[in-house]
Amino acid sequence: VIMLNRLFLSIFVFVFLSGCNISGNASVEYPRLGLEWFAIDSINQDLPEGISVYQSVHVGANLRAWYVRVRESLPEIESRVVVSNDFDRTETVSEFARRLNVPVMINGGYFRMDLNPAKHVGLLKVNGELIHAATSSVLRGEERFYLHRSAIGFNENNGIEINWVSSSGDSVFSWEQGIENNPGQPGIQQDTTYRKLWDYRDILGAGPLLLRKGKVFIPVNEEVFFGTSIPEVHPRTAAGITSEGDLILLLVDGRQLISRGVDLPELAQIMLELGCKDAINLDGGGSSALVVNGMLLNRPAGKTVEREVMSAIAVFVK
């Protein structure tokens, strides 16, 4: 049985990846993963109206995942970006949830674990305060690549948007498109006339994009995630927006027998099947953790101990 499962998985991955192009230079179609989702009634019965959680277990593909749908249009619901206030600037997602007394909490953006206090990697704006500027350039070998990485923003009116961003001083700007970077070929910086002020109260930078305007679009090259482990198979966290304005928070378990994790094209396809029109990849791996009503739903990187993280997305109920 184990050998047959491994053979099935190898064939599944080969067929899936043979049709994928994750350069970000084009929008392509990906095969459906066939995940079936079921409402977790034992949890949902205790959640406020407008918040519901679902689970899927796909034995053949070795996948286990959860997502939370949040009806942002309801005035009593407010999703926010939050940051740790501990002395080392990190805490577990469960600690975040207990401290803020919220029904839903999921891990956020990238950060430097080797620093004390921790330092965010990419844009982080919380309650109108710019905590860390957007990443403007990175080195790959001896070449410098200028870039705009993606971020998710939340405003005071429960509006949510996902876009490429940059920052200057305390101001954040959005861009209609990223810089056309390719491995070994840095793109040309764009004229600032193509940027718009992006005045969102809370902004969480991560990336790359997964969906844009209802299409799978994964700009690994433009956002310069090539040369990193980000495109590989990992436990994953993602956030997306549906055409109705609902927030989708997804977590895929990984690095364990019951769930291998997913790569970026698979993650994007899941978000598309959940009805998202725009979506972004957040920090994953051992950082991926989803807490609902005080309960940790997943096993972070196959373990029972959570990693402390710097930022998170919280769903508040007024």
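**Note on sheets, hairpins and enclosed spaces in a predicted model**

1. Strands β4 and β24 run antiparallel and are joined by 7 bridges. Within this pairing, Glu78 has Phe316 of β24 as its bridge partner. These statements, like those that follow, concern a predicted model.

2. Strand β24 also pairs with β5, again in the antiparallel sense, over 4 bridges. Here the bridge partner of Asn107 is Ala312 in β24. As for solvent exposure, β24 is mostly covered, with 5 of its 7 residues buried.

3. The two pairings belong to an open sheet of 5 strands, ordered β4-β24-β5-β22-β23 and paired antiparallel. Its edge strands are β4, spanning 77-83, and β23, spanning 295-296; each of them pairs on one side only. At the β23 end, β22 (residues 290-292) and β23 pair in the antiparallel sense over 2 bridges, and Val291 has Leu296 of β23 as its bridge partner.

4. A helix packs on this sheet. Helix α3, residues 93-100, lies across β4, β5 (104-107), β22, β23 and β24 (311-317). The helix runs at about 145 degrees to β5.

5. A further open sheet is formed by 8 strands in the order β1-β2-β3-β20-β19-β21-β17-β18, with antiparallel pairing. Why is one side of β1 and of β18 left without a neighbour in the sheet? Strands β1 (38-39) and β18 (215-216) stand at the edges and each has a single partner strand, so one side of each remains without a neighbour there. For β18, the pairing with β17 (residues 209-212) is antiparallel and comprises 2 bridges; Leu211 has Val216 in β18 as its bridge partner.

6. Helix α4, residues 264-273, lies across β17, β18, β19 (236-242), β20 (247-252) and β21 (276-281). Its direction is at about 40 degrees to β17.

7. Two hairpins share strand β13. Strand β12 (residues 149-154) and strand β13 (residues 160-168) run antiparallel and are joined by 6 bridges, with Ser150 opposite Trp164 in β13. The β12-β13 hairpin has 5 residues between its strands, and Asn158 in the turn has a positive phi of about 65 degrees. Strand β13 is in turn joined by 5 bridges to β14 (residues 171-175), also antiparallel, and Ser167 stands opposite Val172 in β14. This hairpin has 2 residues between its strands, and Gly169 in the turn has a positive phi of about 65 degrees.

8. The largest pocket has a volume of about 420 Å³. Its lining comprises 21 residues, of which Tyr110, Thr228, Ser229, Ile230 and Asp283 lie nearest the centre. By class, this lining divides into 8 nonpolar, 7 polar and 6 charged residues.

9. How many cavities of 30 Å³ or more does the structure hold? There is 1 such cavity. The largest cavity has a volume of about 80 Å³. Its lining consists of Tyr110, Val121, Gly122, Leu123, Ala134, Thr135, Arg149, Ser150, Val165, Gly205, Ala206 and Phe225. By class, the lining has 7 nonpolar, 4 polar and 1 charged residues.

10. Two of these cavity residues recur elsewhere in this note. Tyr110 lines the cavity and is also among the residues that lie nearest the centre of the largest pocket. Ser150, likewise in the cavity lining, stands opposite Trp164 in β13.

How values were computed: Residues are numbered from 1 along each chain as its sequence is written. This is a predicted model: local features need pLDDT of at least 70, side-chain atom pairs count only at pLDDT 80 or more; totals for chains, interfaces and linings use all residues. Side-chain values use heavy atoms; hydrogens and water are left out. Two strands pair if DSSP finds at least two bridges between them. Contact means heavy atoms within 4.5 Å. Axes are lines fitted to C-alpha atoms, for helices over the stretch in contact, and angles run from 0 to 180 degrees between N-to-C directions. On a 1 Å grid over the protein atoms alone, a cavity is a set of points where a 1.4 Å probe fits but cannot get out, and a pocket is an open set with protein on both sides within 12 Å along at least five of seven lines; lining residues have an atom within 4 Å of a point. Grid points are joined across faces, edges and corners, and a volume is the space filled by probe spheres set on the points. Ala, Val, Leu, Ile, Met, Phe, Trp, Tyr, Cys and Pro count as nonpolar, Asp, Glu, Lys and Arg as charged, and the others, Gly among them, as polar. Buried means under 20% relative accessible area, exposed over 50%, partly exposed in between (1.4 Å probe, protein chains only).
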